Amino acid sequence: MRVCCGLTGHLELARRPDLYGRPVIVGRWDEHVVAASEETLPFGVTPGMAMRQAEHLCPQAVFVLPDEEATIRIRELISAALYDFAPVVEVRVEGIAWLDTSGVAAAGLSIRNARHLLLKAIGREPRLGLAPGPFSARLAAARARPGHLLRVADAREFLAPLPARELPLDAEQLERLDLLGLRSLGAIAAIGPRELESQLGRDGRHAVLLARGLEPDQLDAWRPPLFTSAHRQFEEPVEDREALLFVARGLCSDLASELGLRGAGAKHVRVRLELESCEPETRESIVRHPLSSTAELFGLIGAWIKEWQPSAPITELWIELPVLEGAGRRQLRLWAGGDGSSEEVTAALERLQERFGEELVQRPRLA
Amino acid sequence: MQEVALESAINSIRVRFGSQALTRAAEMPPPQPWSSGTPVDQLTGIGGLPRGRLSLFTGSGTSGKLTVALSLLARATHEFAHAIVVDAGGFDPWTLTSYSPEPGALTVVRAPALEVAGEAAATLARAGAGFILLLGDVPEHWLGPLESGANRSGTVLVGVVDAPNRALAHASSFSLGFSRQDWIWERGQLVGLRVTARCVKNRVAPPLGETELEIRYPLGTKPLTDYRPRISEVAMRLKEVEPCASAVV
């Protein structure tokens with residue numbers, strides 16, 4: 001496994017790039033500090049401390065209220081963008097982004113692209129680390145200069161001189177390690193996992209494995225949401241059916257490209273027409289076989305639009321695919337001879353049944 | 001300047017209706033044959049029924065056209081994932097059992113009206129069904145979408161009608177006229193019929209002429225499933241005609 005870690009500031013700080021270079025503290029009054037910019041570090045402000053204490057330590061800081069929803073949205077956007085560069089990606093709101101580059105054909109290019117992306121998204125050069133696992137990669141990134149990559153070949157050798165406080169242990173456990181004289185990761189790696197487990201419980205065993213560079217933790221891989229949509233807003237309300245069909249075809253093509261990249265198919269299709277001074281009109285259908293190509297999607301949606309009688313001019317067209325599923329099983333029909341678009345034919349038969357009744361299509365069972 | 005405008009118009013049509021909506025004649029591939037393994041292949045001039053084109057079997061009742069079409073359908077069920085019968089008449093799937101079809105690939109669309117038959121055929125051709133057998137007429141306004149859909153996907157389209165209307169005859173690229181020549185009697189029993197299949201229109205190759213076929217009925221106490229109607233070619237006579245691009249019905 002080769003994991004690249006990119007460290008940026010907390011994503012709460014990324015919401016306010018205008019405050020870069022100034023001490024910023026994010027948190028609610030009477031609660032704890034959620035995030036603090038690097039400029040507050042000299043004053044001793046750290047995330048998790050009480051806001052009153054942070055204010056006391058750094059009164060000149062700009063205090064910003066957190067917005068969890070916006071931060072999660074940023075995280076999702078970054079995850080989706082990084083997903084183009086590596087199949088396993090994890091992004092945390094604390095400003096840590098991991099990419100598992102194992103098996104990636106051009107890992108160097110992916111890392112460069114990830115750096116540019118993080119710079120664009122956050123507005124600051126990320127620190128990058130490349131190591132055999134997420135723990136060592138994060139520590140390598142923390143020691144890299146902004147915009148630079150620190151490569152680690154031997155994780156154990158790299159980790160050995162680092163302080164024990166880098167381990168994910170609570171204050172009490174760290175104090176205990178200190179009392180035991182285990183102040184570096186090298187010292188912890190030298191003792192057996194069972195010995196430390198007897199002192200700290202399961203966390204102790206975990207800490208030894210981390211210190212030895214064995215990377216017991218796997219990335220919590222981000223998965224694209226199982227829905228997608230495309231829409232087009234019209235500058236002038238549209239009444240022409242041909243124009244609507246033209247736009248629908250384009251949207252279907254965009255969606256098909258996305259589904260193709262994700263190897264997914266749509267099980268549920270919904271079309272919504274936003275109307276001028278009227279309630280929107282919707283039509284939806286659940287299909288038995290997932291649709292994934294332009295022809296399949298437009299075959300269904302185009303047929304709807306051709307017979308749709310909207311009550312007012314259309315201001316916006318939405319095509320939503322609320323339920324996606326893997327389309328990998330479609331490969332089973334790869335060897336079906338002659339016609340390579342078997343799923344499209346099945347989808348076409350379903351559409352005909354939907355329009356003219358179930359009994360229209362029969363599959364005879366011959367003795 | 002005109003060339004630029006024309007190129008722009010072509011691109012716009014391709015963007016709007018798909019890359020294959022407009023094809024330059026020079027870029028058009030020759031028709032690809034689907035070899036059915038029947039004597040019909042030799043009449044097409046390209047070694048098989050043309051893919052992406054409409055082939056018509058015409059002739060009066062009991063002239064053998066449906067028998068030949070069903071043998072093609074049975075063959076198609078083995079070669080394509082979808083062999084579809086668009087039935088605007090009264091197709092009985094049991095008539096197919098004697099041809100040993102692959103039932104998993106067979107679908108029958110029972111169209112309650114010609115309009116539905118036309119739409120179903122056009123939709124399925126566009127979707128890329130391997131083989132479509134049309135039993136009955138197709139409304140004129142569905143012939144265009146049917147042709148273009150089949151042309152894009154390479155569907156083998158076979159239509160069976162007694163006498164095609166003008167539009168259907170015009171839309172077909174290959175047309176075979178069947179006529180019964182004789183009944184075949186053996187020991188006082190009717191065992192089959194002898195028919196003539198004559199190429200009356202061919203857009204994909206010069207019309208080649210005609211052949212005689214013998215269609216044998218089942219005899220004896222053999223179960224129906226053991227029986228396979230025999231369609232054999234008898235003393236095929238190729239009538240050489242003047243080479244021409246097409247013949248008119």
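**Figure 1. Strand E2 (residues 24-27) of chain A runs parallel to E4(A), with three bridges between the two.** We're looking at a predicted model, in which local features need pLDDT of at least 70 and side-chain atom pairs count only at pLDDT 80 or more, while totals for chains, interfaces and linings use all residues. Residues are numbered from 1 along each chain as its sequence is written, chains are lettered from A, and ligands are numbered from 1 in the order in which they are written. Helices (H or I, at least four residues) and strands (E, at least two) are DSSP runs, numbered from the N terminus, and two strands pair if DSSP finds at least two bridges between them. Within this pairing, Val26(A) has Val64(A) of E4(A) as its bridge partner. Zoom out a little and you get an open sheet of three strands in the order E3-E2-E4 (chain A), with mixed pairing. Strand E3 (33-36) and strand E4 (62-64) of chain A sit at the edges with a single partner strand each, so one side of each has no neighbour in the sheet. On average, neighbouring strands here are turned by 25° against each other, direction ignored (axes are lines fitted to C-alpha atoms, for helices over the stretch in contact, and angles run from 0 to 180 degrees between N-to-C directions).

**Figure 2. Helix H5 (residues 134-142) of chain A is largely enclosed by the rest of the structure, because eight of its nine residues are buried.** Buried means that 20 or more other C-beta atoms lie within 10 Å of the residue's own, exposed that 12 or fewer do, and partly exposed anything in between, with C-beta atoms placed from the backbone. The buried set in H5(A) is Pro134(A), Phe135(A), Ser136(A), Ala137(A), Arg138(A), Leu139(A), Ala140(A) and Ala141(A). What do the buried residues of H5(A) pack against? In chain A, they pack against strand E1 (3-7), strand E6 (96-100), strand E7 (127-131) and strand E8 (149-151), plus helix H6 (155-159) and helix H10 (202-211). For context, chain A has 13 helices and 13 strands, and 36% of its 367 residues are buried.

**Figure 3. Where chain A meets chain B, the contact takes 26 residues from A and 25 residues from B.** Contact means that the C-beta atoms of two residues, placed from the backbone, lie within 7 Å. On the chain A side, helix H12 (294-307), helix H13 (342-356) and strand E13 (361-362) each supply at least two residues. H13(A) gives the largest share, eight residues. By type, the chain A side splits into 14 nonpolar, six polar and six charged residues (Ala, Val, Leu, Ile, Met, Phe, Trp, Tyr, Cys and Pro count as nonpolar, Asp, Glu, Lys and Arg as charged, and the others, Gly among them, as polar). The predictor gives the complex an ipTM of 0.77 and a pTM of 0.51.

**Figure 4. E13(A) and strand E5 (residues 106-110) of chain B run antiparallel across the interface, joined by two bridges.** Val361(A) has Val109(B) as its bridge partner, and Gln362(A) stands opposite Val108(B). E5(B) also pairs in the parallel sense with strand E4 (residues 83-87) of chain B, over five bridges; there, the bridge partner of Val86(B) is Val109(B). E5(B) is mostly covered, with five of its five residues buried. Leu106(B), Val108(B) and Arg110(B) point one way, and Thr107(B) and Val109(B) the other. In a regular strand, side chains alternate between the two faces of the sheet.

**Figure 5. The largest nonpolar core has 92 residues, and those with the most contacts inside it are Leu73(B), Val86(B), Ala121(B) and Ile132(B).** Such a core is a set of buried Ala, Val, Leu, Ile, Met, Phe, Trp, Tyr and Cys residues joined through C-beta atoms within 7 Å. Not counting residues up to four places away in sequence, Ala121(B) touches Val86(B), Ile132(B), Leu134(B), Val138(B), Trp142(B) and Leu146(B). Another core, of 60 residues, lies apart from it and includes Cys5(A), Ile25(A), Leu149(A) and Leu177(A).

**Figure 6. Leu146(B) is part of helix H5 (residues 140-153) of chain B.** Leu146(B) counts as buried because it has 29 C-beta neighbours inside 10 Å. Leaving aside neighbours within four places in sequence, Leu146(B) contacts Ala121(B), Ala122(B), Ala125(B) and Val138(B). The C-alpha atoms of Leu146(B) and Gly52(B) are 9.5 Å apart, although 94 residues separate the two along the chain.
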